[in-house]
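Me: I've got a model open and a few things I'd like to sort out. Can we go through it bit by bit?

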Amino acid sequence: MAEPTFRAPKGTRDILPPDSGRLRALIDEFAAAAGLRGFGEVVSPMFEDLGVFKRLGEETDVVTKEMFDFLDKGDPPQHLALRPELTASICRAYAEHRPVPPWKIWYEGPQFRYEQPQAGRYRQFTQVGVEVLGADDPQVDVDVISLGWDFYRTLGLRQVELVINSMGDASCRPQYMAALTDHLVGHRSDLSPQSQVTLDRNPLRILDSKRDEDQAVIAAAPSMVDYLNEECSVHFEEVRAGLDALGIPYSMSPRLVRGFDYYTKTVFEFVGDALGGSQNAVGGGGRYDRLVEDLGGPPTAGIGFALGVDRILLACDAEGVFPGPATAVSVFVVDVTGGGHALDVCTRLREAGIGADRAYGGRSMKAQMKVADRSGAPFAAIIGEDEVAAGEVTLRDLRGEAGQRRVALDDLVRDVRALTTN
Ligand code: HAM
């Protein structure tokens, strides 16, 4: 095959049938799970004022290196960016529309980050997620985490693990930051050159580092949970008690800080063990009780998560679960009389809710039967001159043992239904 003139941009992919059907089915499954728990969908813009995303943290990788930002054609131009995630957009929307709290919403769609692409890491990827704004009750944390947990189980995934931590709040974080900074400064020369630079800007981000040189210093760093004040400590205990009550297993990860600066109190990640490698986080989230205020809204507690759909599907492949829906139509109509009758037969079937497709171009019986076979349809409805004269079609079983028989056009829907519901 000749080299194509253009290819999809680096880090992006065309998702073609049948994979696209599987992606859609996963999103539908998530929509159903969220709907069952009283979440409504929000459809947000794909781009926002860059300032919205700066609230993710000026020193985070997403803001400093990975933003797809651009100036629009206005006069003066506005500095916009493709969304790298949706939590900030949802908080911007909350500050703008002031819905009645608690506001429970879900979303799905593509996010954009200029990352180095590799398996499970793309520049355009799909997330599904939820956010709850206006409720700081630890029961909400439990509800949100259990929604994520249950969702993986619904798909059939069994090798997903939950890790949790607490980031404290504005009153206990400074003490922790002081202790962490002391520790890191004391080991400055053992850190990677990149982390030495990060140390002066945002020491917390070093805990996110995947670089080998940093791991020993990170492992010996103080834990946030040892610095929690009374309120944060009680909140975290209640979250854990709630997870225990639901029988959801988790492990504590004292260094889990997640990649954004907005987190407070509970943070969590879902790790897909079957994935291996460093791209094994299949979802993550946490509380962000100051983000709405940071975006100009009223003080509002918030918590949510986003799940990486592309990575979840890779995890499903690795575990051999969630094959995706069958996409074939039930009947392929083969018309060797010119094609006009195929139109009528297809219409009858489709109006009855039976999937039907057909060949075009008045091709030979053999050529049309080949297309029928390729379509995956279990039955062919064959129309020749004889059938037309008798007001019938020949219904042929393409995959099983039922052979073929003539059926009256008026009985076709009934007969196909009988065959396909067995
Ligand atoms: P995040 O951890 O950046 O959190 O992303 C959530 C999930 O999206 C990750 O666990 C991963 O599965 C997937 N993901 C992230 N980057 C990529 C990529 N380049 N390629 C493929 N998949 C990727 C957030 O986005 C937060 N907004 C989550 C949240 C919601 N926190 C509170 N509410």
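Reply: Sure, and one cut-off first: a residue counts as buried when its relative accessible area is under 20%, as exposed when over 50%, and as partly exposed in between. Keep in mind that this is a predicted model.

Me: Which residues of α1 are buried?

Reply: Here the under 20% cut-off does the sorting. In α1, the residues on the buried list are Gly 21, Arg 22, Leu 23, Ala 25, Leu 26, Ile 27, Phe 30, Ala 33 and Ala 34.

Me: And what do the buried residues of α1 pack against?

Reply: Those buried residues include Leu 23 and Phe 30. Their packing partners are the strands β5 (103-112), β6 (124-133) and β11 (302-308), plus the helices α5 (138-155) and α11 (309-319).

Me: How far apart are the end C-alpha atoms of helix α1?

Reply: Helix α1 covers residues 19-36, which is 18 residues. At 1.5 Å a residue it should span 26 Å, and the model agrees with that: the end C-alpha atoms are 26 Å apart.

Me: Is Ile 15 buried, partly exposed or exposed?

Reply: Ile 15 sits in the segment before α1. Leaving out residues up to four places away in sequence, Ile 15 touches Ser 20 and Leu 23. Its relative accessible area is 34%, between the 20% and 50% cut-offs, so Ile 15 is partly exposed.

Me: Which residue just after α1 takes a positive phi?

Reply: Look just past the end of the helix, which runs over residues 19-36. The phi there is about 85 degrees, and the residue is Gly 38.

Me: Now the ligand. Which element supplies the largest share of the shell around it?

Reply: There are 27 residues around the ligand, with Glu 85, Thr 87, Glu 115, Tyr 263 and Ala 281 coming nearest. β6, β10 (281-287) and β11 each give at least two residues to the shell. The largest share is six residues, and it comes from β10.

Me: How much of the ligand's accessible area does the protein cover?

Reply: Start with the polar contacts: a polar side-chain atom of Thr 87 and a backbone N or O atom of Tyr 122 each lie 2.8 Å from a nitrogen atom of the ligand. A polar backbone atom of Gly 308 is 3.4 Å from a ligand oxygen. On its own the ligand has 660 Å² of accessible area, and the protein covers 96%.

Me: Last one: what distance separates the centres of domain 1 and domain 2?

Reply: Domain 1 is made of 19-172 + 228-319, and domain 2 is 331-421. Taken over C-alpha atoms, the distance between their centres is 48 Å.

Key:
Residues are numbered from 1 along each chain as its sequence is written. This is a predicted model: local features need pLDDT of at least 70, side-chain atom pairs count only at pLDDT 80 or more; totals for chains, interfaces and linings use all residues. Side-chain values use heavy atoms; hydrogens and water are left out. Helices (H or I, at least four residues) and strands (E, at least two) are DSSP runs, numbered from the N terminus. The expected span of a helix is 1.5 Å times one less than its number of residues. Buried means under 20% relative accessible area, exposed over 50%, partly exposed in between (1.4 Å probe, protein chains only). Contact means heavy atoms within 4.5 Å. Domain bounds come from an automatic or database domain assignment. A residue is near a molecule or strand if one of its heavy atoms lies within 4 Å of it. A polar contact is a pair of N or O atoms within 3.5 Å; within protein, one must be able to donate a hydrogen and the other to accept it, and residues adjacent in sequence count only if both atoms are side-chain atoms. Accessible areas come from the Shrake-Rupley method with a 1.4 Å probe; for residues, only the protein chains shown count as cover.
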